[in-house]
Amino acid sequence: MYDVIIIGAGLGGMVASIEAAKGGLKALLLEKNDRPGKKILVSGGGQCNISNAGSIDHFLRSYHEKEKFVGKSIRKYSPDLLKKWFEDIDVSLEARDDLKIFPKTGRASGIVNALLKQIEQNKVEMQLRSSVQHIKKEHNQFLVRTGTQHFLGRNLIIATGGKSYPALGTSGDGYRLASALGHSLTELRPALAAIEVRSHCLMELAGVSFKKAIVEHWRNEKKTGTYKGDLLITHDGLSGPVILNHSRYFEEGDILKLNLLSIQTDIYERKLLESTSKAGKKTVKNIVAEDDLPNRLIERIFLMAGISMQQKCAELTKEQRKKLVQLLTSFPLTISAVKGFDEAMVTAGGVSTNEVNGNTMESKLVSGLYFVGEVLDVDGITGGFNLQFSFSSGMAAAKAIKKSSQ
C-alpha cells in the first residue's frame with residue numbers, strides 16, 4: 001500500500017513524487033518509458049527553458065483563457081520558488097535577455113539528473129517500463145494495474161502529459177485513465193505547432209525571419225484576431241513564436257495576412273508615396289530596402305507586384321504602389337494544415353479544469369485523485385510557461401496530499 005502513486009515521470013510527476021516523499025509519504029512513480037524525463041531532455045532545443053522571468057500578470061496571460069485556473073497554483077508555487085527549489089538541489093538557473101529561464105549549464109540533462117538524485121535520496125520507488133492499463137477506485141483506495149503488476153494507493157496523481165511528441169511516449173494515456181474515472185475531456189488539438197500553407201509562393205525564402213511581424217487571422221471573410229511576434233518562413237509554411245503561440249486557434253482554410261513591416265498599411269502607403277515622390281531618380285528597390293528587408297524577399301515581392309528591380313520611383317504607377325503596399329503589409333496565405341501531434345510541442349485540451357480544484361489539483365469528482373501538468377486542459381505559449389505549470393501543479397498536488405494525510 002502506497003500513500004501516493006504517481007503515473008508519469010515528467011517534470012510535474014517527478015517533482016510531486018519528491019515533495020510527497022519529503023513529507024514522509026510512501027510514493028511510487030510509474031513511467032512507461034525506459035527512462036524518465038524524456039520530454040524535458042528535448043525541451044528548449046535540449047537546453048530546457050523551464051520558466052520565465054516576466055511579470056506575474058504577463059505570466060498568467062500566457063495561458064490563454066486559463067489565467068484564473070493556473071493562477072491558483074502559480075501564484076503560490078511561483079517562478080521564484082521554482083528557481084530556489086532547483087538551486088537547493090544544486091541546479092543554478094538564469095534568465096536570458098528574452099526573459100526565458102534556463103539552467104546555467106545550458107543542458108537539460110542537468111535538470112533530469114538532479115531530479116533523479118532527489119528521487120533516490122528521498123526513497124521514491126520508481127518503476128520504468130510500467131504502462132498503466134487500468135485504474136479502479138474501491139474502498140477508498142486506488143487499484144492500479146500495469147501489464148504484470150497491481151499496486152494499491154490511497155492517493156493517485158495522473159501526470160502523463162498530453163498527446164504531443166508520441167515518439168517520447170506521450171500517447172494520451174492519461175485521457176483514457178481520466179475518462180475511466182468519470183472525468184470529461186475537452187477537444188484535443190495540437191498546440192505550439194507550425195502550419196502549412198497552400199500555393200506556398202514564399203517557399204524559396206525558407207529560413208528568412210521577421211522580428212515583430214503582425215499577423216491578421218481571417219475566417220469566412222471576418223477577422224478573428226491580430227497577433228504580433230517573430231515570424232519564420234519554412235519550406236512548407238510558417239513558424240516562429242507568432243505562429244506557434246496561436247496555432248491552437250487555426251484551422252484549414254483560414255487566411256493569415258502577414259504584415260512584414262509592423263507598420264499600419266495606410267501609414268506605410270503614405271510613407272512610400274512621400275519617399276518615391278521625392279526621389280524620382282532612385283530605384284524603388286532602394287527605397288523599399290531602407291526597411292531592412294531581405295533582398296530575396298524584395299525580389300519576390302517585386303515580381304508579384306510587376307515591378308522591375310531597376311525601376312525608378314518616377315516610373316512607379318499607382319497600381320504598382322498599391323500592390324507593393326498590400327504585399328508588404330497584408331500578404332495573404334491560406335492555411336492548408338496545422339502540423340499534427342507528431343510535431344506539436346504541446347496539447348491544447350484535456351481533462352476539464354471545471355472538474356479540478358485549481359488550488360490542490362484534486363478532482364472534484366473522485367477524492368484522492370489529482371491531475372498535474374499537460375494532461376489538464378491547460379496550455380501556455382512558448383517561453384517556459386508549460387514546464388512552470390507542470391512544476392507548480394506538481395507542487396500543489398503533493399502539498400495537498402501531505403496535508404490530507406496528516
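The exercises below cover empty space, a small sheet, one helix and the cysteines of a predicted model.

The model is predicted, with local features requiring pLDDT of at least 70 and side-chain atom pairs pLDDT 80 or more, while totals for chains, interfaces and linings use all residues. Residues are numbered from 1 along each chain as its sequence is written, and side-chain values use heavy atoms, with hydrogens and water left out.

**Exercise 1. Describe the second largest pocket: its volume and its lining.**

Step 1. On a 1 Å grid over the protein atoms alone, a pocket is an open set of points with protein on both sides within 12 Å along at least five of seven lines; a cavity is a set where a 1.4 Å probe fits but cannot get out; lining residues have an atom within 4 Å of a point. Points are joined across faces, edges and corners, and the volume is the space filled by probe spheres set on them.

Step 2. The second largest pocket holds about 450 Å³ of space. Its lining has 20 residues, and Lys100, Pro241, Asn245, Ile381 and Thr382 are the closest to its centre.

Step 3. Helices (H or I, at least four residues) and strands (E, at least two) are DSSP runs, numbered from the N terminus. Helix H3 (56-61), strand E13 (222-233) and helix H8 (241-244) each give two or more residues to this lining. E13 contributes the most, three residues.

Step 4. Count Ala, Val, Leu, Ile, Met, Phe, Trp, Tyr, Cys and Pro as nonpolar, Asp, Glu, Lys and Arg as charged, and the others, Gly among them, as polar. The pocket lining then has six nonpolar, nine polar and five charged residues.

**Exercise 2. List the cavities and state what lines them.**

Step 1. There are two cavities of 30 Å³ or more.

Step 2. The largest cavity contains about 50 Å³ of space. Its lining is Tyr268, Lys271, Leu272, Ser275, Ile287, Glu290 and Asp291. Helix H9 (residues 265-278) supplies the largest share, four residues. By class, the lining is three nonpolar, one polar and three charged.

Step 3. The second largest cavity has a volume of about 30 Å³. Among the residues lining this cavity are His64, Asn245, Arg248, Asp379 and Ile381. Its lining divides into four nonpolar, four polar and two charged residues.

**Exercise 3. Determine the strand order of the open sheet and its edges.**

Step 1. Two strands pair if DSSP finds at least two bridges between them. The sheet has three strands in the order E3-E5-E4, with antiparallel pairing.

Step 2. Strand E3 (51-52) and strand E4 (93-95) pair on one side only and are the edges.

Step 3. E4 and strand E5 (residues 100-103) are joined by three bridges. One bridge partner pair is Leu93 with Pro103 in E5.

**Exercise 4. Which residues of helix H5 are buried, and which are exposed on the other side?**

Step 1. Buried means under 20% relative accessible area, exposed over 50%, and partly exposed in between (1.4 Å probe, protein chains only). In H5 (residues 79-88), Pro79, Leu82, Trp85 and Phe86 are buried.

Step 2. These buried residues fall within an arc of 115° seen down the axis of H5, so they line one face of the helix. The arc is taken from the directions from the helix axis to the C-beta atoms.

Step 3. Asp80, Lys84 and Asp88 are exposed on the other side of H5. Asp90, with a positive phi near 70°, follows the helix.

**Exercise 5. Count the disulfides and classify Cys48 and Cys313.**

Step 1. With a disulfide taken as a pair of cysteine sulfur atoms within 2.5 Å, the structure holds zero disulfides.

Step 2. Cys48 counts as buried because its relative accessibility is 0%. Cys313 also counts as buried, at 4% relative accessibility.
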